[in-house]
Amino acid sequence: MGDPTRVYESERTAGRTDRGETDERELDTSLLDTLGLDAFGRFSRRYKWVGDKRPWRVSAAAFPEEGTPVEQAQFLVRYAVLAPSSHNTQQWLFTVSDDEIRLFADTNRWLTVADPDKRELYVSLGAALENLLVAAEHFGIGHEVRYLPGSDSNHAATVRLSSGSERSDDELAGDERSAEASTDRRDSRLFEAIPRRRTHRGRYQERAIPREDLRALQEVCVEDDVTLQFVADPVKMGTIADLTARADRRQFADPAYRRELGRWIGRGAFGGSWLGSKVGKLLVTYLNVGRRQAREDGQLLRSTPLVAVVRTKSDGRRAQIRAGQVFERVSLLATVLGVQTHPMSAVLEVPSLRRELTDLLGRSEWSSQHLFRLGYAGGASEPSPRRPAEAVLVD
Ligand SMILES: Cc1cc2nc3c(=O)[nH]c(=O)nc-3n(C[C@H](O)[C@H](O)[C@H](O)COP(=O)(O)O)c2cc1C
């Protein structure tokens, strides 16, 4: 198969040609687009589309037991698409064959301003990969992961599938290529949590997470090149709150950052009503809400019982994908335990502040990849939209 992102690339080019030299950003911030009246939108709709809530209704009972291996593999992708991703961009594409699922970055959805080095993109891909593996295990399908298997840098991973009994020795031993958590280390309860997991951005109660639950959360990180560091010390938490507030002010002062965020809000990526999305987009794009955001994020962090940081031994793509896997595994177990999670990435998006965070955490040889709050909150969060598996499966 060629580069799957080319499908989107050509649509984009077609859109550009038809509208002359107008670029996506200009069109996207236009009033017409904001009001959903962009006459040229059909050209770019596919790569702007954030989906709807129907993918959350996936039912394990619909698994095609008697179907072909391809049909079964395609079914697993229904769970992968429920993964979290930065700004809910869902920057993933999949190809499926008899015995393989290949995972690609959909670079048309890359957050070029917030995530210029694509770190969050690969963390998000790791989260989708983890859902895929959890689902495979649930349906008794063996798997072996090869990270970055080809010369195409967008090709994040290939998952070789096999019926449970055919699993390779490589996988069981966990060699360099497939050194991901082996099947028997994953908690079977994680599967049921996939459609229930949500990002919860509200204030968390002061109630501490019981020690045994903390231990269980810690133990899901079995990778030797990834570590999960918990921060509960109020002084350190205060510093993380300050760093985050500084990051927010820095980010929101940049009109390009606000435009990019506003674009995804306007598309409905964070859920809510159509009108709310459009108003939110206008507010974020044209007003610098950085001070307010800084104040709110600072308060959230100061009142949170626990922050976790996923850190890796190297800062390469493989490490970032594996960080995403660990984050998703923790989020799923947290869901099982009734604990909410909320990634807060601003501090990691500003290189100097990311370094300050790493210094604060100690062991500076470990790169900080993903930071999130954990805690208890009342009230359920609404699911955010998703593109269905059919929209992200390419030939
Ligand atoms: C790499 C990554 C970075 C994220 N950063 C943030 C963040 O800084 N702030 C935030 O509120 N949510 C953040 N999120 C959560 C996403 O916005 C969320 O996953 C997405 O909107 C989909 O919603 P859901 O998790 O409820 O399904 C991040 C998620 C990932 C995977």
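Here is a short conversation about the ligand and the residues around it.

Author: Welcome! This is a predicted model, where local features need pLDDT of at least 70, side-chain atom pairs count only at pLDDT 80 or more, and totals for chains, interfaces and linings use all residues. Residues are numbered from 1 along each chain as its sequence is written, and side-chain values use heavy atoms, with hydrogens and water left out.

Reader: What makes a residue near the ligand?

Author: One of its heavy atoms must lie within 4 Å of the ligand. Here 21 residues surround the ligand, and Arg197, Thr199, Arg201, Ser345 and Arg386 are the closest.

Reader: Why is the pair of Arg386 and the ligand called a polar contact?

Author: A polar contact is a pair of N or O atoms within 3.5 Å. A polar side-chain atom of Arg386 is 2.6 Å from a ligand oxygen atom, so the pair qualifies. For Arg197 the distance from a polar side-chain atom to a ligand oxygen is 2.8 Å, and for an N or O atom in the side chain of His342 it is 3.0 Å.

Reader: What makes up the shell by class?

Author: Six residues are nonpolar, ten polar and five charged; Asp, Glu, Lys and Arg count as charged, Ala, Val, Leu, Ile, Met, Phe, Trp, Tyr, Cys and Pro as nonpolar, and the others, Gly among them, as polar.

Notes
A polar contact is a pair of N or O atoms within 3.5 Å; within protein, one must be able to donate a hydrogen and the other to accept it, and residues adjacent in sequence count only if both atoms are side-chain atoms.
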